[in-house]
Amino acid sequence: MKYIVAIIQPDRMDEVLERLTDKNINLVTVSSVMGRGRQGGIAQVYRSHKEAGTLLKKVKLEIAVNDEFVTPTIEAITGGARTGNVGDGKIFILDLAECIRIRTGEIGGAAIG
Amino acid sequence: MKRLGWMTGLTGLGMVLAGALPALAEEVATTVTAAVGATPAPAAAASAVNSGDTAWVLVSTALVMLMTIPGLALFYGGLVRKKNVLSVLMQCFFLMCAVSLQWVICGYSLSFGPDLKGLIGNLDWAFLKNVGVEPNADYAGTIPHQVFMIFQMMFAVITPGLIIGAFAERMKFSAFVVFMLLWATIVYDPVCHWVWGVGGFVRKMGALDFAGGTVVHINAGIAALVAALVLGRRLGHPHKLSPPHNLPFAVMGAALLWFGWYGFNAGSALAANGLAGNAFVVTHVATAVAGLAWALMDVAFNRRMTVLGLISGAVAGLVAVTPAAGFVNVGGAMGIGLGAGVICYLFVSFVKEKLGYDDALDAFGVHCVGGIWGALATGLWATTTVNSAGANGLFYGNPAQFIIQLKAVAITVVYSGIVSFILLKLVDALIGLRATEQSERIGLDLTDHRETGYTMLD
């Protein structure tokens, strides 16, 4: 089991979600986050003064998958989120120690789907 | 112990009110008698009330009320960080309640009551005694005296409100309450009397201030600078502060200020006449030009127009045209607007940075700097072709008027600056001005009011 965390451009979210659905990956948690990359964000200017406003809006996806779904998930995210410009984002993949479905008490791979 | 202090204060307030009620009731009784009396004199006085004038000043009063809440409240509230939005809205709303009461108890009488040596009004009109339906010809002969009183009340409310911009996000609420009541009584009321009260010594000098350039904007603006200096900078100033948390609020606030300012300036004609029309037009034109001027300065120095820049320029224009509205024509208004946008931009962008003080929302940079420009510009562009009761300025062959304006500015800056400093130091010694470092980090909404403006979870 893997836990996939992806940071993408907010306006690519719908396309990524559509492609995940096409590959039968439905479990996903989405949050609105702020962040920056190597370019350091865009400095904001208020009454000629730069204030600490360099972070940009991003969307964070969190997806728990069984091992056979890792490649399709990566394909869906990269396919949907890539524009070729700086700021397209990153995918992080973590080992997932356990997963439990609260309603039934199922454990492990069966709980993910 | 702290709670007990507040309770005692409230009880005191209750007693003051209870004491006032019989006086108020008596006053209403006498004025009603006068209005329906059979003797010819009161009947003549009643007929002096002009319904058009009265209607316009009543509407203007409501417009000026709108400038403080929600106009100024939203303008300032949008510019602070999320964690302090309620504290700023609270301060504006609180002033509406507290200064209104102060005005009834003694503020109006100190400002406009019968003159004592040109310095202050006496207490003959305390609790609005002798302020009734009949017009007071000294101030406005065609509207009820009460209507003039409540129109002026809204000016007394918004003036301390402007100072909030300087000390936002770091002044303790209890200190705010004490300082503001002292300031309204010891700074606003005398300055108002000097400039507008019959017998006031600045008025007798011949200084022109149509709607409050010195009384409102320079007065509050210099107090704002002193407050910013006495309180010190916010944690993280200048480079580690978050941006304004809600610019749409600020835009709505600025728009409401612009709208309300028609009452502020055109209402100051105290009649529905040509002078009110002129004030309305020049107010609008100066504001439009100042907004554009600031926006173009933004383009020149930062390559882009900013929303905050455009609305800041508009507010600077409103401030600057305030003393001039009843004395200048449209050409003068354009000059005043252009100067306001350019001068306030340069001050806020460059001079403020050099000086290093933390006037959080530029109350000094916009209101005092713009106010001084407006007061002096009135001495440049004033013309008796607009208002025969006014005077000509430098550009109309009367350089002496410019000097008078300069004197009025200097008197206001020196008096308000020094007395504001003393009052701040006094309140600091008594209860402390500044919120604790921990409160400042957490935000005043939670620490001073036990509320938050926004929830993250439903």
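**Two chains, A and B, in a predicted model**

The secondary structure of chain A comes to three helices and six strands, where helices (H or I, at least four residues) and strands (E, at least two) are DSSP runs, numbered from the N terminus. This is a predicted model, in which local features need pLDDT of at least 70 and side-chain atom pairs count only at pLDDT 80 or more, while totals for chains, interfaces and linings use all residues. Residues are numbered from 1 along each chain as its sequence is written, with chains lettered from A and ligands numbered from 1 in the order in which they are written.

Read from the N terminus, chain A follows the order β-α-β-β-β-β-α-β-α. Its radius of gyration is 17 Å, well over the 13 Å that the globule rule gives for 113 residues, so chain A is more spread out than a compact globule. The radius is taken over C-alpha atoms, and the rule is 2.2 Å times the number of residues to the power 0.38. Along the principal axes, the C-alpha atoms of chain A fill a box of roughly 55 × 25 × 20 Å. Of its 113 residues, 18% count as buried. A residue is buried if 20 or more other C-beta atoms lie within 10 Å of its own, exposed if 12 or fewer, and partly exposed in between, with C-beta atoms placed from the backbone. Among contacts in chain A between residues at least 6 apart in sequence, 71% join residues at least 24 apart; a contact here means that the C-beta atoms of two residues, placed from the backbone, lie within 7 Å.

Four strands of chain A form an open sheet in the order E2-E5-E1-E6, with antiparallel pairing. Strands E2 (29-35) and E6 (89-95) of chain A stand at the edges with a single partner strand each, so one side of each has no neighbour in the sheet. Direction ignored, neighbouring strands of this sheet are turned by 20° against each other on average; the axes are lines fitted to C-alpha atoms, for helices over the stretch in contact, and angles run from 0 to 180 degrees between N-to-C directions.

Two strands pair if DSSP finds at least two bridges between them. Starting at the E2 edge, E2(A) is joined to E5(A) (residues 56-65) by seven bridges, and the two run antiparallel. Within E5(A), Lys58(A) stands opposite Val33(A). Next comes E1(A) (residues 2-8), which is antiparallel to E5(A) and joined to it by seven bridges; Ala6(A) has Leu61(A) in E5(A) as its bridge partner. At the other edge, E1(A) and E6(A) pair in the antiparallel sense over seven bridges, and the partner of Val5(A) in E6(A) is Phe92(A).

Gly35(A) lies in strand E2 of chain A. With 15 other C-beta atoms within 10 Å, Gly35(A) is partly exposed. Not counting residues up to four places away in sequence, Gly35(A) touches Ile7(A), Leu55(A), Leu56(A) and Lys58(A). Lys58(A) is 23 residues from Gly35(A) along the chain, and their C-alpha atoms are separated by 6.5 Å.

Beyond the sheet, Ile107(A) is found in the loop between E6 and helix H3 (109-112) of chain A. Ile107(A) is exposed, with 11 other C-beta atoms within 10 Å. Leaving aside neighbours within four places in sequence, Ile107(A) is in contact with Glu98(A) and Ile100(A).

Chain B has 16 helices and two strands. Of its 458 residues, 54% count as buried. Residues 24 or more positions apart account for 76% of the contacts in chain B with a separation of 6 or more.

Helix H14 (residues 399-431) of chain B has 33 residues and reaches 48 Å from its first C-alpha to its last, close to the 48 Å expected at 1.5 Å a residue. The expected span of a helix is 1.5 Å times one less than its number of residues. Buried residues of H14(B) include Gln401(B), Ala408(B), Ser416(B) and Leu424(B). The buried residues of H14(B) pack against helices H6 (173-196), H7 (201-205), H8 (213-231) and H13 (363-381) of chain B. Just after H14(B), Gly432(B) takes a positive phi of about 85°.

H13(B) has 19 residues and reaches 25 Å between its first and last C-alpha, close to the 27 Å expected at 1.5 Å a residue. In H13(B), 19 of the 19 residues are buried, so this helix is largely enclosed by the rest of the structure.

The contact between the chains takes 16 residues from chain B and nine residues from chain A. On the side of chain B that touches chain A, H11(B) gives the most, with three residues.
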